Amino acid sequence: MSKAPKEKMGLKNKNGFSVILQRDYFWAYLMIAPNLIGLFIFYIWPVIRSFYLSFTKWSAFSNYKWAGSVNYIRILNDPDLWMAFRNTFIYAILVVLFGIIISLVVAALLNQKIRGVSIYRTLYFIPVVTMSAAVAMVWRWLYNGDFGLLNYILSLFSIQGPRWLTDANLALYSVILVGIWQSVGYNMVIFLSGLQSIPGTYYEAASIDGAGSILKFFHITLPLLTPSIFFVTVISLIGSFQVFDLIYMMIGEDSPVIEQTQSVIFLFFKNAFVLNDKGYAAAISMLLLVVILAITMIQIKLQKKWVHY
């Protein structure tokens with residue numbers, strides 16, 4: 001190497017940093033600047049603004065003033081909010097649990113060399129790319145107590161179908177069923193990529209040792225798929241805690257069972273845009289943010305004990 005490049009590489013500024021290295025940092029930050037600006041404008045700033053608004057009280061004319069911790073004290077004594085958290089936890093736990101189990105089974109089946117496998121994969125993935133509002137409207141018709149398809153099928157067997165979306169004991173679980181159905185396609189794709197990354201030599205060695213399909217699944221497939229399961233669990237829980245559209249479109253804000261089915265985000269929407277109590281709505285959103293962060297941190301902490309990389 002000639003002396004000129006060496007001397008150029010050795011240039012230092014008054015702080016002792018390489019001039020070329022500083023130039024690289026400049027261009028690196030310049031390239032990621034649009035993403036950083038977008039992240040701040042659309043994600044970080046709304047969080048900061050919501051945190052500030054959670055300490056305000058709003059009037060009927062959208063004027064607000066500083067109210068201190070009034071909204072957070074109100075949270076502690078709001079039975080509707082704790083009912084909404086109960087509904088949200090039930091929804092999240094059941095959708096994530098059964099969604100992952102069903103997705104694992106479907107992914108394992110569609111990972112086989114069967115005829116028309118790409119068509120089956122597409123059919124399972126269609127609910128993911130379909131608008132939630134359209135999904136909710138179709139299922140609302142299927143659940144209709146008077147002329148819905150489900151009750152019509154039950155009537156063929158002389159069974160009186162229930163009021164799926166107006167019965168306080170069934171409405172939430174009817175929405176949960178739709179949430180599970182809608183989540184299977186996305187989870188299946190993640191699990192399929194995880195399954196296809198497992199080396200076939202493991203299965204060949206297990207076959208030589210006389211292991212059957214069940215033993216292979218629980219001792220090879222499942223352990224090596226835990227990183228994908230962990231990722232899906234985290235993403236699914238975050239998404240499930242933010243459920244809104246299915247409840248809004250299928251149940252409706254005027255339904256007699258809305259209190260037994262409303263989620264935290266639905267309660268946030270009602271306070272912010274129906275009751276115009278944006279300060280209290282912001283406090284609800286901050287509480288939900290803390291809950292999601294806490295659950296995610298617990299998952300990250302516990303994944304060291306069961307995820308095999």
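**Helix packing around H8 and the nonpolar cores**

In this predicted model, helices H6 and H8 cross in a right-handed manner. The axes of H6, which spans residues 132-142, and of H8 come within 11 Å and cross at roughly 130°, and the two helices are therefore oblique to each other. At this crossing, Ser132, Val135 and Trp139 in H6 meet Val178, Trp181 and Gln182 in H8, and the residues of the contact comprise 4 nonpolar and 2 polar ones, with no charged residue.

Helix H8 (residues 171-196) also packs against helix H4 (residues 79-110), at an angle of about 40° and with the axes 6 Å apart, which makes H4 oblique to H8. The crossing of H4 with H8 is right-handed, and the residues of this contact divide into 22 nonpolar and 6 polar, again with no charged residue.

The largest nonpolar core of the model contains 35 residues, and those with the most contacts inside it are Leu81, Ile100, Phe191, Phe241, Val264 and Leu288. Two or more residues of this core come from each of H4, H8, helix H11 (226-240), helix H14 (264-274) and helix H15 (278-306), with H4 giving the most, namely 10 residues. When residues up to four places away in sequence are not counted, Leu288 touches Phe85, Phe241, Val264 and Ile265. A second core, separate from the largest one, has 23 residues, including Trp139, Trp164, Val175 and Ile176; of these, Trp139 is also one of the H6 residues that meet H8.

Terms used
Residues are numbered from 1 along each chain as its sequence is written. This is a predicted model: local features need pLDDT of at least 70, side-chain atom pairs count only at pLDDT 80 or more; totals for chains, interfaces and linings use all residues. Side-chain values use heavy atoms; hydrogens and water are left out. Axes are lines fitted to C-alpha atoms, for helices over the stretch in contact, and angles run from 0 to 180 degrees between N-to-C directions. Helices (H or I, at least four residues) and strands (E, at least two) are DSSP runs, numbered from the N terminus. Angles under 35 degrees count as roughly parallel, over 145 as roughly antiparallel, 65 to 115 as roughly perpendicular and the rest as oblique. A crossing is left-handed if the near helix is turned anticlockwise from the far one by less than a right angle, and right-handed if clockwise. Ala, Val, Leu, Ile, Met, Phe, Trp, Tyr, Cys and Pro count as nonpolar, Asp, Glu, Lys and Arg as charged, and the others, Gly among them, as polar. A nonpolar core is a set of buried Ala, Val, Leu, Ile, Met, Phe, Trp, Tyr and Cys residues joined through side-chain atoms within 4.5 Å. Buried means under 20% relative accessible area, exposed over 50%, partly exposed in between (1.4 Å probe, protein chains only). Contact means heavy atoms within 4.5 Å.
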